[in-house]
Amino acid sequence: MSEREGRVDPGRGAATWRDGDTPVLPAPQGVRGWWRVLRRGIPAVVVLLIGVILILPLRLAERMFHGPRRPWTGPYVQGVCRLVLRCIGLRWHRVGKPMRGPGAVVANHSSWLDILTMNAAMPVFFVSKSEVRSWPGINILTAVTNTHFVTRDPKLAREQAAQFAARIRAGHRLLFFPEGTSTDGQRVLPFKPTLFQGFLDPDLPDSLAIQPMSVIYRAPAGTDPRFYGWWDDMALADHLLAVLSAPVQGDVTVRLSAPISVSGHTRKTLSAAAEKLVREGFDFGSKTS
């Protein structure tokens, strides 16, 4: 990996992308800065809390009529995430159409904001490491989005693969981050082919497809281009305050590429094909910003 791409630290419990030039996060400045935090943050938290409360009876009714499928809560969560983005003031738009039929989504990973921006673009269910379940603030978002948690333990690999296959068969659009870490939002790291082995499980539908998603954040004018990236050892609270207190917000584009049929692929060729399309979407979006 080149010096420009940074590195992934193997010494931590989860892969973490690092760069020697990690910026200092701007703190809220004066009364106006803290007013922006309150003006954006309080409505966003209220929307999330109401979303969590209302989704519980909705899921109960959904289970009664549809079993493990999620035809109602997927679009519901999509609406909640769009409202939160509106509260924050982060503008977004989608290019391309969500896939139809059984499948999953793979995307580049830049920030905790991905939970909101990707779900705003299409109903998805994130796949994340189990420790994220205990992160303050993020655990509310994962509860609303019905995140699928996995434990990195070889002894549980078969059991977790079965759970993954069951959710795919139920029509859940699971979203994976093949880079294995978040970055500064200015690049796409090499994909890890191991992840794609799960898509080749014989219990999955023969028509299974993978849709590549590229997410391009554009920082507010006059700020560091990496403003929305959340990586290295950045504290979540500090990054959240920096985003909420910004005098103006930037925007984000979510590009959906054509789905890739899993049939005929190995994990390595599937990984390479998905990475190519994510990179192309990311590079095109970055050049047109």
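**Figure 1. Surroundings of Thr253 in strand β9 of the predicted model.** Leaving aside residues up to four places away in sequence, Thr253 touches His93, Val95, Ser214, Val215, Ile216 and Arg218. One of these neighbours, His93, makes a polar contact with Thr253, side chain to side chain, at 3.3 Å. Thr253 counts as buried because its relative accessibility is 3%, below the 20% cut-off. Strand β9 spans residues 251–256 and has the highest confidence in the chain, with a mean pLDDT of 98.

**Figure 2. Strand β4 and its two parallel partners, β8 and β7.** Strand β4 covers residues 103–107 and is largely enclosed by the rest of the structure, since five of its five residues are buried. Gly103, Val105 and Ala107 point one way from the strand, while Ala104 and Val106 point the other way. Residues on both sides of β4 are buried. The pairing of β4 with β8 consists of five bridges, and Val105 has Gln211 as its bridge partner there. Three bridges join β4 to β7, where Leu174 is the bridge partner of Ala104.

**Figure 3. Ser182 in the loop between β7 and β8.** The loop that holds Ser182 runs between β7 (174–176) and β8 (209–218). From the side chain of Ser182, the backbone oxygen of Trp230 is reached at 2.6 Å. Beyond four places in sequence, Ser182 touches Trp17, His109, Ser110, Ser111, Trp230 and Trp231. A relative accessibility of 13% places Ser182 among the buried residues.

**Figure 4. Salt bridge between Asp232 and Arg18.** The closest N and O atoms of Asp232 and Arg18 are 2.4 Å apart. Asp232 lies in the loop between β8 and α6 (236–244), and Arg18 in strand β2 (residues 16–18), so the salt bridge ties together parts that are 214 residues apart in sequence. Both Asp232 and Arg18 are buried. The structure holds eight salt bridges.

**Figure 5. Salt bridge between Asp21 and Arg226.** In this pair, the distance between the closest N and O atoms is 3.6 Å. Asp21 belongs to the loop between β2 and α1 (30–66), whereas Arg226 belongs to the loop between β8 and α6, so the contact ties together parts that are 205 residues apart in sequence. Asp21 is partly exposed, with a relative accessible area of 47%. Arg226, by contrast, is buried at 13%.

**Figure 6. Salt bridge within helix α7, between Arg279 and Glu275.** The side chains of Arg279 and Glu275 meet at 2.8 Å, N to O. Arg279 and Glu275 are separated by about one helical turn because they are four residues apart in α7. An α-helix has 3.6 residues a turn, so residues three or four places apart point the same way. Arg279 counts as partly exposed at 26% relative accessibility, and Glu275 as buried at 15%. Elsewhere, salt bridges that share partners join Arg18, Asp232 and Asp233 into one network.

**Figure 7. Asp283 in helix α7.** Helix α7 spans residues 267–287 and includes Asp283. Asp283 is partly exposed, with a relative accessible area of 39%. Between Asp283 and Ile216 the C-alpha to C-alpha distance is 8.7 Å, although the two residues are 67 residues apart in sequence.

**Figure 8. Helix α3, residues 114–121, a mostly covered element.** Eight of the eight residues of α3 are buried. These are Asp114, Ile115, Leu116, Thr117, Met118, Asn119, Ala120 and Ala121.

**Figure 9. Strand β1 and the low-confidence segment at residues 8–14.** Strand β1 (residues 7–9) has the lowest confidence in the chain, with a mean pLDDT of 49. Over residues 8–14, pLDDT stays under 50, and the model has 16 contacts for this segment beyond four places in sequence. Where pLDDT is low, the predicted coordinates should not be read in detail. The chain as a whole averages a pLDDT of 87, and 89% of the residues score at least 70.

**Figure 10. Context for the close-ups: the whole chain, with seven helices and ten strands.** Of its 289 residues, 49% count as buried. Residues 24 or more positions apart account for 75% of the contacts with a separation of 6 or more. The accessible surface comes to about 14100 Å², and carbon and sulfur atoms hold 60% of that area.

How values were computed:
Residues numbered from 1 in each chain as written. Predicted model: local features only at pLDDT ≥ 70, side-chain atom pairs only at ≥ 80, totals over all residues. Heavy atoms only, no water. Buried < 20%, exposed > 50% of the residue type's maximum accessible area, 1.4 Å probe, protein only. Contact = heavy atoms within 4.5 Å. Areas by Shrake-Rupley, 256 points an atom, 1.4 Å probe, with all protein chains shown as cover. Polar contact = N/O pair within 3.5 Å; in protein donor to acceptor, adjacent residues only side chain to side chain. Pairing = 2+ DSSP bridges. pLDDT = per-residue confidence, 0-100. Salt bridge = Lys/Arg side-chain N within 4 Å of Asp/Glu carboxyl O.
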